[in-house]
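Reader: I am new to this one, so could we walk through it together, one question at a time?

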Amino acid sequence: MSKTNAVARGSHVGRIWVIARHAFTQLVRMKVFYFLAVFAVIAIASNFFDLPQHEGPESLGVNVLHSIKSWSLGTMTLFSVVLSIVATALLLPKDVEDRTLYTILAKPVPRIDYLAGKLLGVLLLVFVSLALMDALMTAVLQIRTTVVLGQQLGMAQAQGWPADTVESLRRDTLLNGPTWSLQGAVFAVFLRASIMASLALLISTFSTSTLFTAIISFMVYFIGHFQADARAVYLHAGHSGESLAGRMGALLFSLVLPDFQNFNVIDAVIEGQTMPLMVLGKLTLVGLYYAVFFTAASWLVFAEKEF
Amino acid sequence: MLTLALLAFGAARMPFEAGLAEDIQAAGLMPPKMEIGTRDKIGQTSSAVALGGLRTLVATFLNLRAFGFFEEQRWNDVSETYGTIVDLAPRTRYYWETGSWHSAYNAASYYLNDSKLPALRRREAWRAAIFQGRAFLERGIRNNPNDWNLLSSLGFLLADANKFPAFRDPNASFARAAETYHRAWETGKAPGYVRRNEFYALARVTGKESEALSLAHELYTEQRNHVPTVMILLLVLESHENPELDVTARAVEIFGTPEKAYEALASHWQHTREHFPIYGVAGALKSLEKSLAVSPDKSIFNKLLQSPAGPDEWFSH
């Protein structure tokens with residue numbers, strides 16, 4: 001008996017890992033990585049949106065750095081959200097269709113292990129894809145930042161800027177290059193995709209079709225960006241005199257739907273701001289909390305399901 | 001059971017998420033909510049993309065569109081597009097600076113030279129474009145109060161010799177420029193030239209000569225500030241403070257030789273239209289011309305003053 005099989009039989013972790021690897025392979029065979037070629041084109045093309053500048057060395061080329069970050073993180077967000085929803089929505093119905101699900105559940109595999117494994121497989125795929133895109137974005141950004149900085153410093157020296165001014169210019173420009181905050185923003189993109197994947201998993205346990213799961217998940221994704229507004233209406237209702245029904249509606253809305261507005265810190269990072277580690281840590285806790293809850297809720301539904 | 005779990009889960013996470021939102025707000029990382037007007041302007045599809053957490057991406061698209069408008073010299077569209085862009089990405093300095101630049105510099109220059117319009121209308125359009133650029137920068141500063149670059153850009157616009165004639169009271173304009181540069185300097189991030197620019201603006205405010213002289217003395221203590229404009233303004237302000245001062249002797253002391261002193265004073269005299277003070281300059285120039293035996297045809301007083309002139313000349317035909 002191989003070591004992997006022994007692990008798979010012996011522990012939850014082992015079983016989950018085997019199912020996750022299988023789900024990952026299954027998705028890779030759907031040729032999702034072709035998207036990386038599209039991303040490479042986008043990342044490189046964003047280098048060419050070099051619009052005219054209006055001032056001295058301090059503005060030279062900064063727009064291109066914004067453009068690279070904005071296009072890259074935007075593409076990552078779209079890709080990760082679409083992939084996490086569609087891939088998760090596909091997995092369960094596909095296993096039923098291929099009758100793989102019956103084979104797995106006929107064995108002593110707890111249903112929670114099956115669900116967690118499937119989710120982990122999707123997350124693994126999203127993570128690997130984002131890591132590859134991140135590496136490409138960082139490389140393009142690093143090269144371009146070096147070029148921009150070279151041009152700026154050359155112009156500053158030609159204009160006879162003093163050393164402290166040149167240093168201030170260098171610091172400002174590096175903030176728009178590849179920073180740890182930017183890596184944090186990519187991780188926040190992954191966390192948001194993880195929440196969507198686990199939510200799609202929950203929906204797919206009671207959904208009747210892949211399309212239904214995908215549509216509902218996308219709706220929740222968009223509405224989730226307003227959840228904080230509903231929460232604010234509930235929490236500050238006394239100030240603006242909402243009716244009891246309005247307040248209860250806002251409460252229900254904010255209890256049921258996930259809050260995605262906090263993840264908009266990504267925009268601030270693209271704009272050159274620094275994301276404190278504490279904020280990233282709290283976002284990670286939020287992501288984990290949703291993923292664990294939605295997976296547990298999926299299990300509640302899935303455990304009762306007859307096949 | 002699931003509904004109950006969902007509600008309990010929601011109740012448990014709500015305070016944490018509300019606290020996190022406050023932390024993010026406090027760190028200045030949360031963009032303001034998108035206005036309904038902005039949603040209308042960018043259309044349904046872009047609204048959906050922006051609401052899906054991709055506001056900066058939509059702003060990047062719009063920036064490209066604005067560039068197209070700029071190339072076609074559709075100034076109202078440029079201005080409107082930048083208004084939308086900064087609603088989407090209010091922390092990106094580039095958009096504030098570029099939006100203001102298009103109005104105050106590109107559109108204003110266009111109206112300065114647009115031969116299709118009568119002079120009076122060109123003049124009003126020129127003035128309106130500069131006002132619009134200024135207002136845009138001021139809005140940018142309200143959104144990013146600690147950005148020294150934006151403050152410095154506003155100071156530059158208000159003290160720019162080609163722009164300040166658009167403002168009815170140049171004195172107030174220079175005072176505001178000095179105040180803006182000072183705010184930029186107080187952020188602690190601005191380079192040394194911002195402090196000098198504050199001085200250049202302050203020196204042009206009638207009634208603030210003593211304050212300007214104090215700043216000149218402060219600047220002059222550092223070798224890196226021994227640039228011609230600081231040196232000449234120090235001399236001029238000292239002359240204002242003490243009308244009995246021997247300006248010629250002091251000029252030679254500051255610049256080292258009578259030739260260098262004459263060159264610096266002559267250059268300063270040539271820039272009279274930029275509203276720099278000239279207390280004692282004419283007398284010192286005459287004295288130096290005499291001692292250096294400058295022939296009348298080469299005298300600085302027989303040369304034309306340098307541009308810029310002013311709107312009366314620009315829009316005379």
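Author: Happily, and one definition comes before the rest: a residue is buried if 20 or more other C-beta atoms lie within 10 Å of its own, exposed if 12 or fewer, and partly exposed in between, with C-beta atoms placed from the backbone. This is a predicted model, in which local features need pLDDT of at least 70, side-chain atom pairs count only at pLDDT 80 or more, and totals for chains, interfaces and linings use all residues. Residues are numbered from 1 along each chain as its sequence is written, while chains are lettered from A and ligands numbered from 1 in the order in which they are written.

Reader: Is B:Ala293 buried or exposed?

Author: B:Ala293 is found in the loop between α14 and α15 (311-314) of chain B. Its phi is positive, about 55°, although it is not a glycine. Because it has 6 other C-beta atoms within 10 Å, B:Ala293 is exposed.

Reader: And is A:Arg99 buried or exposed?

Author: A:Arg99 is found in the loop between α4 and α5 (100-106) of chain A, and its phi is near 65°, a positive value in a residue other than glycine. Most residues other than glycine have a negative phi. A:Arg99 has 10 C-beta neighbours inside 10 Å, so it counts as exposed.

Reader: How many helices does chain B have?

Author: Helices (H or I, at least four residues) and strands (E, at least two) are DSSP runs, numbered from the N terminus. Chain B has 0 strands, and its helices come to 15.

Reader: What is the radius of gyration of chain B?

Author: The C-alpha trace of chain B spans about 100 × 50 × 25 Å along its principal axes. The radius is taken over C-alpha atoms, and the globule rule is 2.2 Å times the number of residues to the power 0.38. A compact globule of 317 residues would have a value near 20 Å, but chain B has 26 Å.

Reader: Why are the buried residues of α12(B) on the same side?

Author: In helix α12 (residues 247-255) of chain B, the buried residues are B:Val247, B:Thr248 and B:Ala251. They lie on the same side of α12(B) because they cover an arc of only 100° around the axis (the arc of the directions from the helix axis to the C-beta atoms). What covers them includes α11 (228-241), α13 (258-270) and α14 (281-291) of chain B.

Reader: Which residues is B:Leu265 in contact with, leaving aside its neighbours within four places in sequence?

Author: Two residues are in contact if their C-beta atoms, placed from the backbone, lie within 7 Å. By that rule, B:Leu265 is in contact with B:Ile232, B:Ala251, B:Val281, B:Ala284, B:Leu285 and B:Leu288.

Reader: Which helix gives the most to the largest nonpolar core?

Author: A nonpolar core is a set of buried Ala, Val, Leu, Ile, Met, Phe, Trp, Tyr and Cys residues joined through C-beta atoms within 7 Å. The largest one has 156 residues, and those with the most contacts inside it are A:Val189, A:Val265, B:Ala216 and B:Leu265. With 17 residues, the element that gives the most to this core is α4(A).

Reader: How many residues does each chain give to the contact between them?

Author: The elements that give two or more residues to the side of chain A that touches chain B include α4 (62-97) and α14 (277-304) of chain A. The contact takes 50 residues from chain A and 45 residues from chain B.
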